[in-house]
Amino acid sequence: MSSLTSREILTRLVAFPTVSRDSNLSLIDWVEEYLGRFGARCRRTWNAEETKANLFAAIGPDAPGGVVLSGHTDVVPIDGQDWHTDPFELTERDGLLYGRGSADMKGFAAVFLSRLASLNIAAMDKPLYLALSYDEEVGCLGIDRMVDDALANFARPDFAIIGEPTSMQIVRAHKSINVFRTVVTGQAAHSSQPHRGAGAILAAGRIIEHLDAIGRSRRAEAGDSGCEPPWTTVQVGTIQGGTAVNILPAHCEFLWEYRGLPGEDPEVIIDAMQTFIDEKVLPDLREFAPGASVETTPIARVPPLLPDPEAKAEQWVQRLRGVRDGGSGAVSFATEAGSFQRAGISTVVCGPGSIDQAHQPNEFIDPAELERCEAMVDDVFAYLYRAS
Ligand SMILES: [Zn+2]
């Protein structure tokens with residue numbers, strides 16, 4: 001097979017409809033076969049049902065150092081969106097390439113896969129790692145499994161670049177995402193006799209009001225992280241409970257989240273919540289209903305990307321061609337970067353396409369962004385070669 005251009009590979013990748021709720025195995029199979037041509041040593045890690053896989057590939061010498069280029073294979077759904085082209089067929093219009101995942105973020109994978117044809121493997125003295133994850137869009141559920149397995153089987157790389165769409169600018173920090181379900185179990189009774197039960201909705205209301213108070217206090221502590229907005233945000237997204245106005249509700253549950261500033265310990269808010277529940281809400285709830293309970297379970301935890309005080313990856317990536325000037329910034333969207341950073345790898349986010357197109361109908365990427373990314377990937381390869 002002759003070598004494929006970034007655009008040709010992007011056409012293939014977009015054609016796999018890898019919406020997070022569905023399997024990504026057709027894409028993974030295709031990429032693994034393609035990587036076989038370059039002698040890649042591939043490892044898969046799986047979700048519990050084995051319907052989705054991460055793919056981690058090593059190319060070049062089995063040596064410490066080197067670089068990870070990382071992206072996610074899943075895309076957000078197209079349900080309810082008004083698309084003017086087939087979302088799963090890459091289509092050029094007015095010089096732009098339309099398709100679901102073109103920007104977020106199959107473009108990056110298409111670039112690094114296509115440039116492999118130019119990689120001089122015999123000249124490498126540091127390895128290249130390629131990482132493709134599942135379930136990023138539903139809470140970064142796959143990535144930790146892949147990173148753990150990679151570190152157990154390969155030496156630690158120097159740098160990781162996560163190619164989320166940043167218009168080829170460097171992102172050095174982002175917020176954490178922390179999503180929870182809280183279930184309040186009270187005890188049903190006639191509403192005229194609240195001393196014979198416990199109303200779950202009023203108790204949930206107290207917890208939610210406390211969450212709001214935490215959120216407001218965070219706003220007063222806005223930092224200079226560069227995130228927009230520059231404070232930790234707290235939100236409640238859904239709530240259910242109750243059956244009738246004259247029955248004390250036995251059940252109320254709500255989904256809530258906070259997005260913490262990069263430098264903030266993500267445990268602080270959940271710990272403050274739990275203390276409030278234990279000290280204030282539960283004693284009142286149990287006054288007439290000893291079996292009442294409040295259970296909070298994490299749904300998704302995405303660690304922040306912390307600004308690296310030594311700025312190793314940042315300074316290195318700044319020197320690569322294709323990367324836009326303008327310094328490095330912070331963003332409010334989360335990525336898988338924190339998982340690499342926690343593993344001791346200096347990490348930045350930098351990739352082709354704009355976050356403004358991500359998750360939107362008629363998502364597109366400008367081919368000029370792919371060209372910039374090709375230049376960056378070529379310079380990444382040059383870094384891996386033996387000093388001559
Ligand atoms: Zn993404």
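Which residue in S12 does Phe180 stand opposite? Select Phe180 and look across to S12: the residue facing Phe180 is Pro298. Keep in mind throughout that this is a predicted model.

**Stop 1: the open sheet**

Widen the selection to strand S9, residues 176-185, and strand S12. The two run antiparallel and are joined by 9 bridges. Now bring in the rest of the sheet. It is open, has 4 strands and pairs them antiparallel, in the order S10-S11-S9-S12. Colour S10 (233-241) and S12 (293-302) to mark the edges. Each of these edge strands has a single partner, so one side of each lacks a neighbour in the sheet. Sight across the strands to see the twist, which averages 15 degrees from one strand to the next.

Next, add the helices. Helix H5, residues 200-219, packs on the sheet and touches S9, S10, S11 (251-260) and S12. The direction of H5 makes about 10 degrees with that of S11. Then show helix H6, residues 267-285. H6 also packs on the sheet, with contacts to S9, S10, S11 and S12. Its direction makes about 170 degrees with that of S12.

**Stop 2: strand S2 and its partners**

Move to S2, residues 53-59. Is this strand mostly covered or uncovered? Mostly covered: 7 of its 7 residues are buried. In a regular strand, side chains alternate between the two faces of the sheet. Show the side chains of S2 to follow the two directions. Ala53, Leu55, Ala57 and Ile59 point one way, while Asn54, Phe56 and Ala58 point the other way.

Add S1, residues 41-46, which runs antiparallel to S2 and is joined to it by 6 bridges. Cys42 stands opposite Ala57 here. Follow the hairpin between S1 and S2, where 6 residues separate the strands. Stop at Glu50, which takes a positive phi near 60 degrees.

Then add S6, residues 128-133. S6 is also antiparallel to S2, with 5 bridges between them. Go back to Ala57: its opposite residue in S6 is Leu130.

**Stop 3: aromatic rings**

Show the rings of Phe, Tyr and Trp. The structure holds 13 aromatic pairs. Zoom in on Phe56 and Tyr129. Their ring centres are 5.4 Å apart and their planes stand at 25 degrees, under the 30-degree cut-off, so the pair is stacked. Phe56 belongs to S2 and Tyr129 to S6, so the pair ties together parts 73 residues apart in sequence. Both residues are buried.

Select Trp30, Tyr34 and Phe38 next; they form one aromatic cluster. For a charge over a ring, go to Lys126 and Tyr383. Lys126 lies over the face of Tyr383, at 4.7 Å from the ring centre.

**Stop 4: two buried residues**

Select Ser70 in strand S3, residues 67-72. Why does Ser70 count as buried? Its relative accessibility is 0%, so it falls under the 20% limit. Beyond its neighbours within four places in sequence, Ser70 is in contact with Met105, Phe108, Ala131, Ile161, Ile162, Gly163, Glu336 and Phe340.

Finish at Thr347 in strand S14, residues 346-349. At 6% relative accessibility, Thr347 counts as buried. Display the backbone oxygen of Ile345: it lies 2.8 Å from a polar atom of the Thr347 side chain. Again leaving aside neighbours within four places in sequence, the contacts of Thr347 are Ala160, Ile162, Leu305, Ala313, Ala337, Phe340 and Gln341.

Key:
Residues numbered from 1 in each chain as written. Predicted model: local features only at pLDDT ≥ 70, side-chain atom pairs only at ≥ 80, totals over all residues. Heavy atoms only, no water. Pairing = 2+ DSSP bridges. Axes fitted to C-alpha atoms, helices over the stretch in contact; angles between N-to-C directions. Contact = heavy atoms within 4.5 Å. Phe/Tyr/Trp six-rings, centres within 6.5 Å; stacked < 30°, edge-to-face > 60°. Buried < 20%, exposed > 50% of the residue type's maximum accessible area, 1.4 Å probe, protein only. Lys NZ or Arg CZ within 6 Å of the ring centre and 35° of its normal. Polar contact = N/O pair within 3.5 Å; in protein donor to acceptor, adjacent residues only side chain to side chain.
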